[in-house]
Amino acid sequence: MHTLIQNFYNFRLHCLQILDFVLLTKPIRYAMVGLLLPFVCFLVLHFSFPLPALPPFAQIVTTPDGTVLSAFLSADDKWRMKSNLADITPELQKAFIAKEDKYFYYHWGINPFAILRAAANNLLRGKKTSGASTITMQVARLLEPKYRTYSNKLIEMFRACQLEWQYSKAEILQLYLNLVPYGSNIEGVKAASLLYFGCLPNQLSLAQLTTLTIIPNRPTSLALGNAKHHAKIEQARNHWLKVFEKEKVFATTTIADALLEPLVAKRQKSPKKAIHFAYLMHKLFPQNAIVPTYIDIHLQNKVEEISQTYIRSTKPYGIHNAAVLVIDNQSRQILAYLGSPNFDDAAHNGQVDGVRAYRSPGSALKPLLYGLAFDAGLITPKTKLLDVSQDFDGYMPENYNKQFNGYVTAEKALAASLNLPAVSLLNEIGIKTVTNKLKVADFQWIANHEKSVGLSLALGGCGVSLLEMAGLYTSFANGGNYQALQFTPLAATPTSDLLATGKKQKANTLLITNQKTQPATLPLPSPTLPFPDSLQANQQLLSPAANYVINEILTKVERPSELPNSYENNPHLPKIAWKTGTSYGRRDAWSIGFNKKYTIAVWVGNFNGEGRPELTGASIATPLLFKLFNNIDYKTAYQWFEMPKNLDFRLVCAASGKIPNHFCDQIIADYYVAGISTAQPCDHLKSVFVSADEQISYCSQCLPDAHYKQKLYPNLPPEMVLYNEQNMVAYEKIPTHNPTCTQLFSGTAPVILSPANNREFYMDNEQVELLLQAKVPNDVKKLYWYIDDKFYKAVSPNTKTFFKPNKGHIKISCSDDKGRNTDGWIWVR
């Protein structure tokens, strides 16, 4: 071990002696100093005078394949669009390098041979005949424009060395192609390609890209897009094509085709597709030169074309605006986004983004209510619900057609969009339960106004956006599971070309959390957008079983008259589930549909809030929905949602939707979930003791010893009794109770409907009378009204009774023939 250490020490000593000898040798020492000193000077200058910042880019919003949807001028009002490395095709590289700097890959920013050649030519001819600028030197000049003097040329050369030190050759070429001038305010190959040839750089023909190589040196005298210059441009282009052929840059056959291609170039408008969506991305990602999205340009074009044509047909009715969203159900990506049919229609507020504007949803939230009621075990599709006039603490909603239907099944109530059953279910579920679910689904108006939301929520008494509604219905297409819609990839596109900050660094991701934007013309505040970076975990709004049942119900809605009534009649028309909504005053028409593949949300109306008699979801919005589905998903193979394993069928009584009792004679099948759906036995009939002639009914206290029997009668709630009486619906009434019975009855006391309790009435005419009305059970035959504890009148339950009130605080009392009583108070002023 000692010997090994001694040998290592001797080796180290010999190495140091050799190094000392080398450093003490003057020629070697001077040579090393001569080599290191310029490099050290360069580093000092490099850090003392860093490269100028990159100029700002015009932002472009793109589709997944790179197609530009819309573009926005840069901060210095230039059309300077950023090209990524992937945009620069080999042909584009070869053409520019062959023309501008054929030794680009062999020098370090400065080509000394080119400088000597240019100096010799200029001296011999007494004027400037050729330049020596490399592509890197041109980039330096474009980054820091200066007058062309010898001193500035030296600065330019120094900057070129800095560029070579800081960037790769590919990145320098990218910089050049991003900054090269094309006249007016157009800079860069991408901007020139789009604005002169209407395509991306990677779609240019050889003739077109050769044209783009010759313009930057003479952007004024060879003004592309100016017809009078085209002959000169074509001549110069053909000259360089022949040079390329001579130098074997491109194949002879390719050159021959390019020489025959006519020059077709004119200044075009910047792209303006999905402009409302692009505006939103522009505001949310102001620092990104390129904002990638999931918009499908073919779908977007279809949506715009169909919607524009459709709205022309509604304009004679005074209906001018529409908004549409198309969502991919599997990925939740937004594939098409139409804020309004015509952005430039100033007369009808075309710049308003109808996708984000808050409007009343009408009945479009009802599927969620019914789904929650199913999950709570309150209903199944065949459950009978009351569609009759009801007073919910002073709130008395009506149906759209002002008519009531009595008993209806839950599935019919939802399919027909009846109002009373929905309000009744909301009252039973609880408003808080529904608003909590809507907050989970990113309904911002609900989150901000939760305390002011009432039972009118079931009928559209809130603010929602088409964006929020599309997200909700997309969850229906995903088993009740909610995830935020996807606008753009999860993170900003990594800066793989390392040009975002002008220096090499790790790619950054962009986090967007709860940002709000608001165009000046937006009628209501824009909702917070749930961007992918701030997504919550998946949220289950409805169970898969409840969701499936709701979807099945929503396929049974009557379709527009111009379309087939069922999927089976036309296999090319997609089977979809959909729901409509019409806001109060007919200001908003909604129709939102979905199948396995897509969710399409449609809103039609006027941005100024003007209502129209024809404006309903079924008649105005649904035809547009089906036109879109018929064009977008016309040939998709038939697929539908799979029934969850915990969802099954059972037999129920057709009269109530409950488990059949011994008296039920009509049995039907119904969906249910074991342990969740109610197992209550049917009670649509009840047994009553009656006399042999069925004229008198008895209770257990007054039941005689003989001459009586038991009979089944309809077990109707007071609301249904009142409905039958008012609408003259025949039903079997329970006979009058034994008049000699002294038993006081428990059970439901009369419910005073009019006048409503604790209400104020202002009378300017002493002759005005108030209606006295109450609802009672089926077995009540007589009502007794009292005003301020004084008997007023005895009437049958279906008789309308009026009285003239005095001013002041008045007590109203109603008793039935069973001794049950209800009191109420009103103020008359």
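In this predicted model, the side chains of Lys811 and Asp789 are joined by a polar contact of 2.9 Å. Lys811 belongs to strand β27, which covers residues 808-816. With a relative accessible area of 16%, Lys811 counts as buried, because the cut-off for a buried residue is under 20%.

Strand β27 leads on to the sheet around it. This open sheet is built from 5 strands in the order β22-β28-β27-β24-β25, and its pairing is mixed. Strands β22 (759-761) and β25 (790-795) stand at the edges; each has a single partner strand, so one side of each is left without a neighbour in the sheet. From one strand to the next, the twist averages 30 degrees. Following the order of the strands, β27 lies between β28 and β24. Towards the β25 edge, strand β24 (residues 783-787) runs antiparallel to β25, and 5 bridges join the two. Within this part of the sheet, Leu783 can be found opposite Val795 of β25.

A second sheet is worth a visit as well. Here 3 strands, in the order β2-β1-β5, form an open sheet, again with mixed pairing. The edge positions are taken by β2 (68-72) and β5 (290-292), each of which has a single partner strand, so one side of each lacks a neighbour in the sheet. The twist in this sheet averages 15 degrees from one strand to the next. Strand β1 (residues 59-62) is connected to β2 by 4 bridges, and these two strands run antiparallel. One residue pair to look for is Thr62 and its bridge partner in β2, Val68.

Attention can now turn from strands to enclosed spaces. Rolling a probe the size of a water molecule over the atoms reveals where empty space remains. The structure holds 6 cavities of 30 Å³ or more, and the volume of the largest cavity is about 110 Å³. Helices α5 (135-143) and α6 (150-166) each contribute at least two residues to the lining of this largest cavity. The greatest contribution comes from α6, with 5 residues. Among the residues that line the largest cavity are Ala140, Arg141, Glu144, Lys146, Tyr147 and Arg148. Further along the chain, the lining also includes Thr149, Asn152, Lys153, Ile155, Glu156 and Arg159. By residue type, this lining divides into 7 charged, 3 nonpolar and 2 polar residues.

How values were computed
Residues are numbered from 1 along each chain as its sequence is written. This is a predicted model: local features need pLDDT of at least 70, side-chain atom pairs count only at pLDDT 80 or more; totals for chains, interfaces and linings use all residues. Side-chain values use heavy atoms; hydrogens and water are left out. On a 1 Å grid over the protein atoms alone, a cavity is a set of points where a 1.4 Å probe fits but cannot get out, and a pocket is an open set with protein on both sides within 12 Å along at least five of seven lines; lining residues have an atom within 4 Å of a point. Grid points are joined across faces, edges and corners, and a volume is the space filled by probe spheres set on the points. Ala, Val, Leu, Ile, Met, Phe, Trp, Tyr, Cys and Pro count as nonpolar, Asp, Glu, Lys and Arg as charged, and the others, Gly among them, as polar. Two strands pair if DSSP finds at least two bridges between them. Axes are lines fitted to C-alpha atoms, for helices over the stretch in contact, and angles run from 0 to 180 degrees between N-to-C directions. Buried means under 20% relative accessible area, exposed over 50%, partly exposed in between (1.4 Å probe, protein chains only). A polar contact is a pair of N or O atoms within 3.5 Å; within protein, one must be able to donate a hydrogen and the other to accept it, and residues adjacent in sequence count only if both atoms are side-chain atoms.
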